[in-house]
Amino acid sequence: MLRTAVSGSVRRRSEAVPAGGMWRGLVRLMSESYIQNLFAERIGGRQYGKSGAIYKFEKIKRAKRAAMTAHPGAEIIDLGVGEPDEMAFPEVVEKLCAEARKRENRGYADNGDSALKEAAARYLDRVCGVKGINPETEVLHSIGSKAALSILPAALINPGDYVLMTVPGYPVFGTHAKYLGGRVHNLPLTEANGFLPDLDSVPAEVLKQAKVLVLNYPNNPTGASATPAFFVQAVAFATKHRLVVIHDAAYAALVFEGRPLSFLATPGAKEIGVELHSASKSFNMTGWRCGFVAGNELLVRAYGDVKDNTDSGQFLAIQHAAAHGLDHPEITEQIAAKYSRRMDTLVAGLTQAGFHARKPKGSFFLYVKAPKAAVSKDGARIEFRCAEEVSQWLITEKLISTVPWDDVGAYLRFSVTFAAKTVADEARIIGHVAERLGDVRFEF
Ligand SMILES: Cc1ncc(COP(=O)(O)O)c(C=O)c1O
């Protein structure tokens, strides 16, 4: 008699069971939860979770862990982090504490009160030179830009619609557009073009079905900044082809010279687009989850309608603390000055090691061409087929963590948000980078 009990994850099998492939297949079928057959195709359907593929950031984490185990006590230099190394400024934390104590802030915030909206409109005016944003109708908070990028597609994308996205880049809008049956047309960012997309390269048949152009400057991962002329071109392109522009300005305020460049400062931009700002990087508030969407009234309203059906708003105390930050742009200026200083040191260190490093105008990312080979003093030569191989070699052999990008050419992203308490410590860490790379010659 065949006696098999399948109860939750516990499976028992009697000794009288026949061996063989058919039996094993049957057991596997019986033991697999029916939930496995219920997953939507957009996340892999029945195959969900079965792929052995390891994603880039997980590979980096694993390689880091392996390097730490192989070299106990050694200092791993982490230049791969994509978020600030410091706490939010004390005055912002104080504001949060005070606001959290207020009874009127305790409940669902829904689409927010006026504090953040008004602060955002003031900020756009004072910091970015964007005049005339109506805080009531043209601004709405987000639970971070990532949340806004995941909500906006539902307001715009029908099955078959195209989204124009720059690559390499932050893929969240495109991922959600695809969840909804939309399609993504990639616009490669090349060094030759200053990491700005060639809008004229979009095929006519794609343009006919395109609805949205997603831009992000200063850019992750290239660190490139847009120019006013490019934004003028983007507005003209979007207007001509009846597209919406979503400008992800998560790094907008982190500039090393001049004032932040807002897409909304471009004539005509408010007629066709919105801009996403975030307290995450500008105010060292990544975990707090707060930002805002501003621009075209109709788009802001549609974002609000979908948002209202998605979340119940960010805690008002957090919104009010973020509003305090927006009224104190000198906080961001101090953060940007720190990144600028670190960037100078890192550019010098990497140049000394043979990389072609050029300081970007903003963000905290330094994007450099990955070498094709490393030759050590004894003549041993290691060849790299892609940036990912260089990155793995850097962490394994040099205990330096980076993020590789192989989408358009082979590049490495170094971030200046590495943990360092003092200016001397920053110099010491970058000194180590140059030193560790000093015993090889890179070929590009
Ligand atoms: C380009 C870009 N957009 C948006 C985000 C998400 O920002 P937030 O913390 O506001 O969700 C990030 C975070 O790394 C990013 O790099």
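Let me start with the face of helix 2 that is turned away from its buried side, where the exposed residues Lys61 and Thr69 are carried. Please keep in mind throughout that what we have here is a predicted model.

The buried residues in helix 2 are Ile60, Ala63 and Ala67, and because they cover an arc of only 65 degrees around the axis, they sit on the same side of the helix. As for what that buried side meets, the buried residues of helix 2 pack against helix 14, which covers 387-398, and also against strand 14 (400-401) and strand 15 (403-405). The length of helix 2 also agrees with expectation, since its 15 residues should span 21 Å at 1.5 Å a residue, and the end C-alpha atoms are indeed 21 Å apart.

Let me turn now to helix 11, which runs over residues 297-308 and has 12 residues. From the first C-alpha to the last, helix 11 reaches 16 Å, close to the 16 Å expected at 1.5 Å a residue. Which residues of helix 11 are buried? They are Leu299, Val300, Tyr303, Gly304 and Lys307, and when one looks down the axis of helix 11 these buried residues fall within an arc of 140 degrees, so they line one face of the helix. On the other side of helix 11 we find Leu298 and Arg301, which are exposed. The buried residues of helix 11 pack against several elements, and among these are helix 5 (145-156) and helix 9 (269-272), together with strand 4 (139-142) and strand 8 (244-248). Strand 9 (273-278) and strand 10 (291-295) also belong to that set of packing partners.

From the helices I would like to move to a loop, the one between helix 1 (21-31) and helix 2 (56-70), which is where Gln36 is found. Is Gln36 buried or exposed? With a relative accessible area of 15%, Gln36 counts as buried, because the cut-off for that word is under 20%. If we leave aside its neighbours within four places in sequence, Gln36 is in contact with Gly45, Arg46, Gln47, Tyr48 and Lys50.

One of those contacts, Tyr48, brings us to the surface, where Tyr48 joins Ile43, Tyr179 and Leu180 in making a nonpolar patch of about 330 Å². Within this patch, Tyr179 has its place in helix 6, which spans residues 172-179, and with a relative accessible area of 32% Tyr179 is partly exposed.

Definitions and conventions
Residues are numbered from 1 along each chain as its sequence is written. This is a predicted model: local features need pLDDT of at least 70, side-chain atom pairs count only at pLDDT 80 or more; totals for chains, interfaces and linings use all residues. Side-chain values use heavy atoms; hydrogens and water are left out. Patches are made of residues with over 30% relative accessible area and no salt bridge: like charges are joined within 9 Å, nonpolar side chains (Val, Leu, Ile, Met, Phe, Trp, Tyr) within 5 Å. Accessible areas come from the Shrake-Rupley method with a 1.4 Å probe; for residues, only the protein chains shown count as cover. A salt bridge is a side-chain nitrogen of Lys or Arg within 4 Å of a carboxyl oxygen of Asp or Glu. Helices (H or I, at least four residues) and strands (E, at least two) are DSSP runs, numbered from the N terminus. Buried means under 20% relative accessible area, exposed over 50%, partly exposed in between (1.4 Å probe, protein chains only). Contact means heavy atoms within 4.5 Å. The expected span of a helix is 1.5 Å times one less than its number of residues. The arc is that of the directions from the helix axis to the C-beta atoms.
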